[in-house]
Amino acid sequence: MATPFARILGTGSYLPEKVLTNHDLAARVDTSDAWIRERTGIAQRHVAAEGETTGDLAFEAATRALEAAGVRASDLDLIVLGTTTPDLIFPSTACLLQHRLGANGCAAFDVNAACSGFIYGLGIANQFIRAGSVRTALVVGAETLTRMLDWDDRSTCVLFGDGAGAVVLRADTEPGVLSTHMHADGGYKELLYNPVGVSAGFRDEKNHGVRVLMAGNEVFKVAVKTLDAVVEETLQANRLEKSAIDWLIPHQANLRIISATAKRLGLPMERVVVTVDRHGNTSAASVPLALDEGIRSGKVQRGELLLLEAFGGGFTWGSALLRY
Ligand code: COA
């Protein structure tokens, strides 16, 4: 039998109810709506309610994806969940999600690749399906990044939001995911990281707890260059001209980074799914949130060629090319 492809059967997403606007933030730190919009394209972001966890957001997104796919949770062979903000240190959020969905028994694990977590998850699930060892997989990106922020640090607290997105994949003779590309360079740790953890200790040398530390300007430059390279790698691996791409579904960190990638592809912004204005950067959730919005809004049609990409802390980065 020919090697099977991983096809997207259905997508789903979820955003917490509470919306935090730039104006809300300007009342708290020395910033302005104009500055945030101009530098990032962000106007608002969603914030999880007290007690609402990454697993809760993941459950809503996964339930919607299963519904859209017409798949029962008990049919799942694999759950991969990209997150940097798990509910607990263990069990993994994927295990918590598996139990809530009623998919007990299948393999379930988290992937921590920061903002590239969903692309990594998709790459992993794709390999399992191509190898023939998994028929039906659920891939989720879910985050409550706002729990990790220093709300007095204007250089980071304006950028992030909470949310979740999910896709159900099934083995099929028709494509499907055509290729996935995953990379990392741990040499860039200092540019974007959270300095505390289980083994290093929950307080850093400045006695600070959990927070995001970032050299924004340098991250920006490396992100643009690296995404250009992975887009090129994806086109070459598939022997495609850039004109073949119907939709760019990018990680939503900054509208200027997204526009630079679109320009590189020669794609007008009408062919790019943009959610960063309303969601901010939801880390591993941003690509599946954008994908679900593109599909449910009726923009992205069956048979079209989609290029997904992401870049995040690590650094990690990657892409996926798929025929929807
Ligand atoms: N409001 C107002 N001013 C702010 C501010 C805010 N929220 N945050 C920073 N500033 C100030 C800085 O203090 C600096 O002031 P100075 O010139 O007096 O020193 C000035 O704005 C410019 O800062 P800079 O960091 O050079 O701005 P920038 O154009 O690079 O924009 C980011 C900052 C963070 C928006 C941008 O660098 C970025 O998006 N980087 C990528 C981040 C990212 O994507 N991270 C996640 C990767 S997954």
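**Ligand, pockets and backbone oddities**

Trainee: How far is a polar side-chain atom of arginine 39 from an oxygen atom of the ligand?

Mentor: The distance for arginine 39 is 2.7 Å. Bear in mind that this is a predicted model: local features need pLDDT of at least 70, side-chain atom pairs count only at pLDDT 80 or more, and totals for chains, interfaces and linings use all residues. Residues are numbered from 1 along each chain as its sequence is written, and side-chain values use heavy atoms, with hydrogens and water left out.

Trainee: OK. And how far from an oxygen atom of the ligand is a polar side-chain atom of arginine 154?

Mentor: For arginine 154 the distance is 2.9 Å. Asparagine 254 has a side-chain N or O atom 2.6 Å from a ligand oxygen. The cut-off for a polar contact is a pair of N or O atoms within 3.5 Å.

Trainee: How much of the ligand does the protein bury?

Mentor: The ligand taken alone exposes 960 Å², and the protein buries 72% of that (Shrake-Rupley areas, 1.4 Å probe).

Trainee: Which elements give two or more residues to the shell around the ligand?

Mentor: H2, H6, H7, H8 and S12 do. H7 gives the largest share, four residues. Helices and strands here are DSSP runs, with at least four residues (H or I) for a helix and at least two (E) for a strand.

Trainee: Which residues come nearest to the ligand?

Mentor: Thr31, Arg39, Arg154, Asn217 and Asn254, out of 23 residues around the ligand (a heavy atom within 4 Å). By class, this shell has ten nonpolar, nine polar and four charged residues; Gly counts as polar, and Tyr, Cys and Pro are among the nonpolar ones.

Trainee: Where does the ligand sit relative to the domains?

Mentor: Between domain 1 (5–174) and domain 2 (178–323), because both give residues to the shell. The bounds come from an automatic or database domain assignment.

Trainee: Switching to pockets. What is the volume of the second largest pocket?

Mentor: About 570 Å³ for the second largest pocket. Its lining counts 27 residues, and Leu159, Met214, Gly216, Phe220 and Asn254 are the closest to its centre. A pocket is an open set of points on a 1 Å grid where a 1.4 Å probe fits, with protein on both sides within 12 Å along at least five of seven lines; lining residues have an atom within 4 Å of a point.

Trainee: Which element gives the largest share of that lining?

Mentor: H7 (216–237), with six residues. The lining of the second largest pocket has 15 nonpolar, eight polar and four charged residues, and each of the two domains supplies at least three residues.

Trainee: And what is the volume of the largest pocket?

Mentor: The largest pocket is about 890 Å³, volume being the space filled by probe spheres set on the points. It is lined by 34 residues, and Thr84, Thr85, Pro86, Met148 and Asn194 lie nearest its centre. Domain 1 and domain 2 both give residues to the lining, so the largest pocket lies between them. Strands S5 (107–111) and S9 (192–193) each supply at least two lining residues. By class, 17 are nonpolar, 13 polar and four charged.

Trainee: Backbone now. Which residues does a cis peptide bond join?

Mentor: Phenylalanine 90 and proline 91, with omega about 0°. Proline 91 is in the loop between S4 (78–82) and H4 (93–101). A cis bond also joins proline 175 and glycine 176, with omega about 0°. Glycine 176 is in the loop between S7 (162–172) and S8 (177–184).

Trainee: What is phi of alanine 114?

Mentor: Near 50°, a positive value in a residue other than glycine. Alanine 114 lies in the loop between S5 and H5 (117–131).

Conventions
Polar contact = N/O pair within 3.5 Å; in protein donor to acceptor, adjacent residues only side chain to side chain.
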